[in-house]
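Student: Please take a close look at one part of this model, the strands and what lies around the ligand. I would like a single connected account.

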Amino acid sequence: MEQNKIPQATAKRLPLYYRFLNNLNQQGKKRVSSKELSEAVKVDSATIRRDFSYFGALGKKGYGYNVEYLLGFFRSTLDQHEVTEVALIGAGNLGTAFLKYSFMKNNNIRITKAFDADWEKVGTDIDGVPIYHVDQLFEKLEDTKVVILTVPATEADNIADKLVQAGVNGILNFTPARITVPSHVRVHHIDLAVELQSLVYFLKHYPLDTKE
Ligand SMILES: NC(=O)c1ccc[n+]([C@@H]2O[C@H](COP(=O)([O-])OP(=O)(O)OC[C@H]3O[C@@H](n4cnc5c(N)ncnc54)[C@H](O)[C@@H]3O)[C@@H](O)[C@H]2O)c1
């Protein structure tokens, strides 16, 4: 219930805060100021103070925030005490890179299975993650509700339909296709080309102050 009160923009920044605080904790740091946090995560300190106020973490003047308290809060809010299993569909170039990337280093999200349409890949594994045929989705997804989509754009809608039927409710879509899903399914879209284009546009039209 409490979490419903946290604005979505704040919620999106929580994993960023969590990662940084976890590193601080591992270094044995007991407290952190909003200025330090701000410089590390590149979010202005007023936003950090507002974000933290939503979950009752009020930094003390001249003391800052208690790292352990914040970590405890983030752990429970981000369900860090539980491992979330994620599946990946499309073990091609991009998909393979994700399978090789160790997500577990900083959080409790783990890709535990992958699916592909290529029989050459089916039955093999990448860094211990088994690859099943996409036709085995219903049988092998089991309780997995979150999926990373790295198939060719032309396949995205078709696969998304199957995922929804299989009970998936979260899709991280790396394909350029805008997939259509029912309202109970959340899709987050990551498009490198769009992000790059936007960066180049901003550099051109909103140049930052140059440092002396
Ligand atoms: N978001 C980004 O920043 C970004 C960057 C690069 C690529 N992409 C996109 O990611 C996707 C994958 O790119 P890639 O370079 O890895 O391509 P790729 O061709 O190397 O990999 C695609 C994989 O999907 C598999 N596949 C094809 N049809 C399938 C189906 N119906 N079900 C399951 N698997 C299927 C293929 O066998 C292959 O292994 C593309 O849509 C591409 O446009 C996104």
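Tutor: In this predicted model, strand β4, residues 109–116, pairs with strand β6, residues 129–133, in the parallel sense, and 3 bridges join them. One of the contacts can be named: A114 has I131 of β6 as its bridge partner. β6 also pairs with strand β5, residues 125–126, here through 2 bridges and in the antiparallel sense. On that side I126 stands opposite V129 of β6. β5 and β6 form a hairpin with 2 residues between the strands, and D127 takes a positive phi near 50 degrees there.

β4 leads on to the ligand, since β4 and α5 (93–100) are the elements that give two or more residues to the shell around it. The shell holds 24 residues, of which G90, G92, L94, T175 and L192 come nearest to the ligand. α5 gives the most to this shell, with 3 residues. Sorted by class, the residues around the ligand are 14 nonpolar, 6 polar and 4 charged.

α5 can be described further by its two faces. G95, F98 and L99 of this helix are buried. They lie on the same side of α5 because the arc they cover around the axis is only 100 degrees. For burial, the criterion is 20 or more other C-beta atoms within 10 Å of the residue's own, while a residue with 12 or fewer counts as exposed. By that criterion N93, A97 and K100 are exposed, and they sit on the face of α5 turned away from its buried side.

The wider setting is as follows. The protein is divided into domain 1, residues 2–76, and domain 2, residues 84–194. By these bounds, α5 (93–100), β4 (109–116) and β6 (129–133), and β5 (125–126) fall within domain 2 (84–194). The C-alpha centres of domain 1 and domain 2 are 30 Å apart. In domain 1 (2–76), an unreviewed UniProt entry annotates residues 16–55 as "DNA-binding region". Over residues 16–55 the model has 72% helix and 5% strand, with the end C-alpha atoms 16 Å apart.

Note on methods
Residues numbered from 1 in each chain as written. Predicted model: local features only at pLDDT ≥ 70, side-chain atom pairs only at ≥ 80, totals over all residues. Pairing = 2+ DSSP bridges. Helix = DSSP H or I, 4+ residues; strand = E, 2+ residues; numbered from the N terminus. Near = placed C-beta within 6 Å. Nonpolar A, V, L, I, M, F, W, Y, C, P; charged D, E, K, R; others polar. UniProt positions renumbered as here; feature names shortened; annotations may be inferred. Domains from an automatic or database assignment. Arc of directions from axis to C-beta.
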